[in-house]
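This report examines how the helices of one small protein model cover one another and which charged side chains pair up. Please keep the sequence and the structure in view while reading.

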Amino acid sequence: QNIGDKVKKIRARKGLTQDALARKAELPYTTLMKIESSVITKPTIQTVAKIAKGLDVSIDELIK
């Protein structure tokens, strides 16, 4: 399972829209969209950290 799938799954479980998560993670909506749709398969660690913070999970949970 790639990072995009994990982000999508956790986001859905937490009842967040892509837009809401992008705002919480302070990321451009398009960046989040590209990660979830696997256009970006290796986001930077800074981006992963922002997403983890926005989802309130550990970085490990997203990359393992």
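The buried residues of helix α3 are covered by elements that include α1, α2 and α4. The model under discussion is a predicted one.

**Helix α3 and its buried side**

Which residues of α3 are buried? They are Leu-32, Ile-35 and Glu-36. Because these residues span an arc of only 95° around the axis, they lie on the same side of α3. A general property of helices helps in reading this arrangement. An α-helix has 3.6 residues a turn, so residues three or four places apart point the same way. After α3 comes Ser-38, which has a positive phi, near 60°.

**Helix α4: a buried side and an exposed face**

Helix α4 runs over residues 45–55, and its buried residues are Thr-47, Val-48, Ile-51, Ala-52, Gly-54 and Leu-55. These residues occupy an arc of only 160° around the axis, and therefore they sit on the same side of α4. Their cover includes α1 (3–13), α2 (18–24), α3 (29–36) and α5.

Which exposed residues does the opposite face of α4 carry? The face turned away from the buried side bears Ile-45, Gln-46 and Lys-53. Just after α4, Asp-56 adopts a positive phi of about 60°.

**The loop between α4 and α5**

Val-57 belongs to the loop that joins α4 and α5. Is Val-57 buried or exposed? Its relative accessibility is 15%, and because buried means under 20%, Val-57 counts as buried. Apart from neighbours within four places in sequence, Val-57 is in contact with Ile-10, Lys-14, Ala-52 and Leu-62. Of these, Ala-52 is also one of the buried residues of α4. With regard to Thr-31, Val-57 is 26 residues away in sequence and 19 Å away in space, C-alpha to C-alpha.

**Salt bridges**

How many salt bridges does the structure hold? It holds four salt bridges. Three of them are set out below.

| Salt bridge | N to O distance | Relative accessible area of each residue |
|---|---|---|
| Arg-11 and Glu-36 | 2.6 Å | Arg-11 11%, Glu-36 3% |
| Glu-61 and Arg-13 | 3.9 Å | Glu-61 39%, Arg-13 56% |
| Asp-60 and Lys-64 | 3.1 Å | Asp-60 40%, Lys-64 68% |

The pair of Arg-11 and Glu-36 forms a salt bridge whose closest N and O atoms are 2.6 Å apart. It links distant parts of the chain, since Arg-11 is in helix α1 and Glu-36 is in helix α3, 25 residues apart. Arg-11 is buried, with a relative accessible area of 11%, and Glu-36 is buried as well, at 3%. The two side chains also make a polar contact (2.6 Å). Setting aside residues up to four places away in sequence, Arg-11 touches Leu-16, Thr-17, Gln-18, Leu-21, Glu-36 and Leu-55. Among these, Glu-36 is a buried residue of α3, and Leu-55 is a buried residue of α4.

A second salt bridge brings together the side chains of Glu-61 and Arg-13 (3.9 Å, N to O). Because Glu-61 lies in helix α5 and Arg-13 in helix α1, this pair ties together parts that are 48 residues apart in sequence. Glu-61 is partly exposed, with a relative accessible area of 39%, whereas Arg-13 counts as exposed at 56%.

Asp-60 and Lys-64 form another salt bridge, with their closest N and O atoms 3.1 Å apart. Asp-60 counts as partly exposed at 40% relative accessibility, while Lys-64 is exposed at 68%.

**A nonpolar surface patch**

Which residues make the nonpolar surface patch? Ile-45, Ile-59 and Ile-63 form it, and its area is about 260 Å². Ile-45 is one of the exposed residues on the face of α4 turned away from the buried side. Ile-59 is found in helix α5, which comprises residues 59–63. With a relative accessibility of 32%, Ile-59 counts as partly exposed.

**Summary**

In this predicted model, the buried residues of α3 share one side of that helix, and those of α4 likewise share one side of theirs. The salt bridge of Arg-11 and Glu-36 links α1 with α3, and the salt bridge of Glu-61 and Arg-13 ties α5 to α1.

Definitions and conventions
Residues numbered from 1 in each chain as written. Predicted model: local features only at pLDDT ≥ 70, side-chain atom pairs only at ≥ 80, totals over all residues. Heavy atoms only, no water. Patch = residues over 30% accessible without salt bridge, like charges linked within 9 Å, V, L, I, M, F, W, Y side chains within 5 Å. Areas by Shrake-Rupley, 256 points an atom, 1.4 Å probe, with all protein chains shown as cover. Helix = DSSP H or I, 4+ residues; strand = E, 2+ residues; numbered from the N terminus. Buried < 20%, exposed > 50% of the residue type's maximum accessible area, 1.4 Å probe, protein only. Arc of directions from axis to C-beta. Contact = heavy atoms within 4.5 Å. Polar contact = N/O pair within 3.5 Å; in protein donor to acceptor, adjacent residues only side chain to side chain.
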